[in-house]
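Here is a friendly walk through some of the labels one can put on a structure, and the reasoning behind each. Please have the model open as you read.

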Amino acid sequence: MRRLLLLLAALTLATPALAQRELTVAAIGGPLQDHMRRTLFESFTRATGIPVRDVAYDANVGPIRAMVQARNVTWDVALVEAPDLVRGCEDGIFERIDFSVVRRDKFLPGGTTTCGAGAIGWGVTVFWDQSRQPNGPANFQELWDTGRFPGRRTMRRGARMTMEIALLADGVPAAEIYRVLATPAGQARAFAALDRIRPSLHFWTGPQQPIELINAGEIAYAVGFVGRTANAIRGGARFNINWDTLLFSYDYWAVVRGSPHATNAMRLIEHMTNTEPLLELTRLWPINPVTAAVANDPDVRQRNPLMMSNHTDRGLRIDTEFWLEYGPDLEQRFASWLNR
């Protein structure tokens, strides 16, 4: 019996991966998640012996909320948009980040919250296919000029970003957007601006759809995610990105409340936001890391001229607090407007 116990102990020490429970990470799918798997998730497994599997979701935190409420948590870490993170933290569906494990001082300003650690910056801009449309709009006001720039336009299906774009198109300065949009008159003005070009508008729901629609020739001008557009350009697409139409924000890594592996989930977040794995990711995808040492690295910026960090001074940062306060009502009104 003693020899058997010694043998079992030796096997446990020799195979640490078998002694560890698998972690599940939910991200937004597509080629970016494929690259994250290779550079962030698998490198954590190599370093710790802890297996990581990943699943894709559409950034709707409804399934996360449901599993927490049902006390049947099957995801450990999720990539979450800023408003959903703050609201979810207040509602108790995300754990507080353990900043004794995740080093807070390595992030850009605004790169951490009570329940989140900065993952990637993201943004949307107007882009078009230069092989079909040699010239494009210089700003959102010109995007609204269907006489000068004919053809259909596509934007994200939802109030957030669309309402800002409508007011920018109506001539509201970027610095005044959220002050104006907080008023009934400003909201009416945004919907009126959308009404003016409604026959030319199409709304997408999936992040790859703007590129697919442009490539198919169904859309002349798109407002789409910078990372996917930039990666298509790197692959040979003749897209033109207009950085003067940039709207941007951060996404965060969060631990799902009730995860049975919360301690290792914090370790995973610390690893995924470290310099070395993120540098590997930037070699495969023009992401905008929220880890300062990578986001500000001159070599990374030079290697990725289409990285958002190079252009944020020309854009509008999406106001998380505004969308927490006004988002539910505006999303409902936008849905009603769509269905009119």
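Q: Why is Arg132 called partly exposed?
A: This is a predicted model, and in it Arg132 has a relative accessible area of 43%. Partly exposed covers the range between 20% and 50%, so Arg132 belongs there with its 43%.

Q: What makes Arg132 and Asp129 a salt bridge?
A: The closest N and O atoms of Arg132 and Asp129 are 3.3 Å apart. The rule asks for a side-chain nitrogen of Lys or Arg within 4 Å of a carboxyl oxygen of Asp or Glu, so the pair qualifies. Asp129 has a relative accessible area of 8% and is therefore buried, the limit being under 20%.

Q: How many salt bridges does the rule give, and which residues are linked in a network?
A: The count comes to 17 salt bridges. Asp34, Arg37 and Asp54 are linked in a network of them.

Q: How do you know that Asp91 and Arg65 form a salt bridge, and what does the pair tie together?
A: Their closest N and O atoms are 3.1 Å apart, and the cut-off is 4 Å. Asp91 lies in helix α4 and Arg65 in helix α3, so the salt bridge ties together parts that are 26 residues apart in sequence. Asp91 is partly exposed at 45% relative accessible area, and Arg65 is partly exposed at 22%.

Q: What makes Arg103 and Glu270 a link between distant parts of the chain?
A: Arg103 sits in the loop between α4 and β4, Glu270 is in helix α11, and the two are 167 residues apart. They form a salt bridge with the closest N and O atoms 2.9 Å apart. Arg103 is partly exposed, with a relative accessible area of 41%, whereas Glu270 counts as buried at 12%.

Q: Why are α6 and α8 called roughly perpendicular?
A: The axes of helix α6 (residues 162–169) and helix α8 (residues 184–196) cross at roughly 80° and come within 8 Å. Angles of 65 to 115 degrees count as roughly perpendicular, so the label applies to α6 and α8. In this contact Thr162, Met163, Ala166 and Leu167 of α6 meet residues of α8 including Gly186, Arg189 and Phe191. By class, the contact has seven nonpolar, three polar and one charged residues.

Q: What makes the phi of Met161 worth a look?
A: Most residues other than glycine have a negative phi. Met161 has a positive phi of about 80° although it is not a glycine. Its place is in the loop between β5 and α6, and at 2% relative accessibility Met161 counts as buried.

Q: Where is Ala59, and why is Ala59 called buried?
A: Ala59 is in the loop between β2 and α3. Its relative accessibility is 15%, and buried means under 20%, so the term fits. Ala59 also has a positive phi, of about 70°, although it is not a glycine.

Q: Why does Thr320 count as buried, and which residues does Thr320 touch?
A: With a relative accessible area of 17%, Thr320 is under the 20% limit and is therefore buried. Thr320 lies in helix α15 and touches Ala82, Pro83 and Val86, not counting residues up to four places away in sequence. Ala82, Pro83 and Val86 are among the buried residues of helix α4.

Notes
Residues numbered from 1 in each chain as written. Heavy atoms only, no water. Axes fitted to C-alpha atoms, helices over the stretch in contact; angles between N-to-C directions. Helix = DSSP H or I, 4+ residues; strand = E, 2+ residues; numbered from the N terminus. Parallel < 35°, antiparallel > 145°, perpendicular 65-115°, else oblique. Contact = heavy atoms within 4.5 Å. Nonpolar A, V, L, I, M, F, W, Y, C, P; charged D, E, K, R; others polar. Buried < 20%, exposed > 50% of the residue type's maximum accessible area, 1.4 Å probe, protein only.
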